[in-house]
Structures are given as C-alpha cells and as structure tokens.
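Colleague: I have a model open and would like to learn how to read it. Could you take me through the sheet and then a pocket?

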Amino acid sequence: MTTMTTLPDYETLVLERQDRVLTITMNRPELMNAVNLRLHEELAEVFYFAAKDTDSDIVVFTGAGRAFSAGGDLDHILSNATNPELFDEEVRLAKRIVFSMLDLDKPLICRMNGHAVGLGATLALFCDVIFAADTAKIGDPHVAIGLVAGDGGAVIWPQLIGLCRAKEYLLSGELLTATKAADIGLINHCVAADQLDDSVAAYCARLQKNSRNAVRWTKVLLNQELKRVTHSLLETGLAYEAVSIRSEDHKNAVKAMQEKANSKKP
C-alpha cells in the first residue's frame, strides 16, 4: 500500500489532495483572502512544495468564500505605507511567488471563484488556465492607490491581451467582469458559478488522460519566453512600486481608505 506524503499545515492556506490533484486554497474568507505578510510568506513557499509533491500531477489554486483574492490586506497596506522599508523586504517574497509559479512544471489551474483584484489578479493570471465564475471581476487598480503595478501586473497582462489593451486597463485600474475578461482573452473560461467546480474537474480529468511528462514538458517549453520576460521586467517593476509606495499620492490614498473603513465600523 502506497503512503501519501503528509501535506504541510499553513496559517493562511489549506491544502487538499484528491485523485492526484492538489488544491491550494487561500483561506482568509472573512477578509476576501486579502494578502497580509503571513499569506505572502506562505505563498512564497507553497508552490515549491507543490513542485516536489510526488502524489499530485495537477495543482488547482483558489480562494475560500466569496472571493479569489481582494489583493492587499488594508492593515498590511497601512503598515507598508507607514514603514516603506517593510515593502523593500517583501520584494524577495514577491519574486519567489511569481517564479515559483512559473517554475512549477505541473499544470496550475486557477479556480477563480470570485473577485481577483491587484495582487489577486496577478496570482490568477500567472496560472496556466483560468476558469472564473460569471459573478467574478478581475482587475489591477494599483494606480488608484498611487502605486505602480509592479508586482507582476505589468508583466503578465501584455502577454495575455497585448500591450495596447494592457495599457488601457492597467493605467485606468478598471475592473473587468469575468465575461469581458474571457472575451478579450485575459482568462480562459467564464462559467456559471454553480458550474465552476464541474468545469475545473472536467479539465483536470482531460489533462490526466494525456502523458504526464508530455504535459509537464510542454508547459516548461511554453513558459520559457514568459520567464525571460518576467526576469527582464519584474525587478524593475518592484523597484518602481517601492518608489511609489513612498509617495504622497499613495499616503493620501491609504488615508482615504482608512477613513472609509472606519466610517463603516459600528
């Protein structure tokens, strides 16, 4: 009898394995899976585990609750705005997250169960195939809070929809419906929310009918150019974002966000 490798325990992620499919779930549903420091740290490790997990051939990436990920956690954003040197330390984590996703030779399927915003959009778009619920929206509104879209958005959007359209959406920060995103090729599929699980499962089953090594090596080949572009741009993007995080525009935007949040408290 074959014994499966024990899945690691995380604070902000839940890992499950079934039929050689490893599912990674961001698990901060009460905050729409917004990314704080701990989730940053764990995302920087989990895809390395997925790569060496001998009991899975496919990885599904999703969020708990009603969102995929709302992007940066407000408290985390406030902390970085007040102490920008903290963001400088997170640059290492940001690079590890992106490159661990690109280096993963197993198919990485995004189950976009709800909104994917900012960093959440970047996490979704660096997956190989994206299935989104028709209730979801996706966008990268870094500019709306005075930041450069440097954590991966400026890398991946042009690769998926071309430079012209990428500029349109990244410069405006507009959120797209999943229907629109599928229409322009930003994501692969927009499906009814109650059909999302079946759609993801059917695609995983289709992949499993193919040669495991042929699938993996084809992905590796397809990612070569994307990795080259990412190596070329990500470091510069993060540097620009680190500069913008020190700007008055960002501080004022964060202050407005804080005031809005406080006004909603009972």
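Modeller: We will start with the sheet and then turn to the largest pocket.

Modeller: This is a predicted model, where local features need pLDDT of at least 70, side-chain atom pairs count only at pLDDT 80 or more, and totals for chains, interfaces and linings use all residues. Residues are numbered from 1 along each chain as its sequence is written, and side-chain values use heavy atoms, with hydrogens and water left out.

Colleague: What is the order of the strands in the open sheet?

Modeller: Strands of a sheet pair through backbone hydrogen bonds, either parallel or antiparallel. Here 6 strands follow the order 1-2-3-5-7-10, with mixed pairing. Strand 1 (13–18) and strand 10 (189–191) are at the edges with a single partner strand each, so one side of each lacks a neighbour in the sheet. Strands (E, at least two residues) are DSSP runs, as are helices (H or I, at least four), numbered from the N terminus; two strands pair if DSSP finds at least two bridges between them.

Colleague: In which sense do strand 7 and strand 10 pair?

Modeller: Strand 7 (residues 129–133) pairs with strand 10 in the parallel sense, over 3 bridges. Ala 132 has Cys 190 of strand 10 as its bridge partner.

Colleague: Which element gives the largest share of the lining of the largest pocket?

Modeller: Helix 3 does, with 7 residues. By class, that lining has 25 nonpolar, 10 polar and 8 charged residues. Ala, Val, Leu, Ile, Met, Phe, Trp, Tyr, Cys and Pro count as nonpolar, Asp, Glu, Lys and Arg as charged, and the others, Gly among them, as polar. A pocket is an open set of points on a 1 Å grid over the protein atoms alone, where a 1.4 Å probe fits, with protein on both sides within 12 Å along at least five of seven lines; lining residues have an atom within 4 Å of a point.
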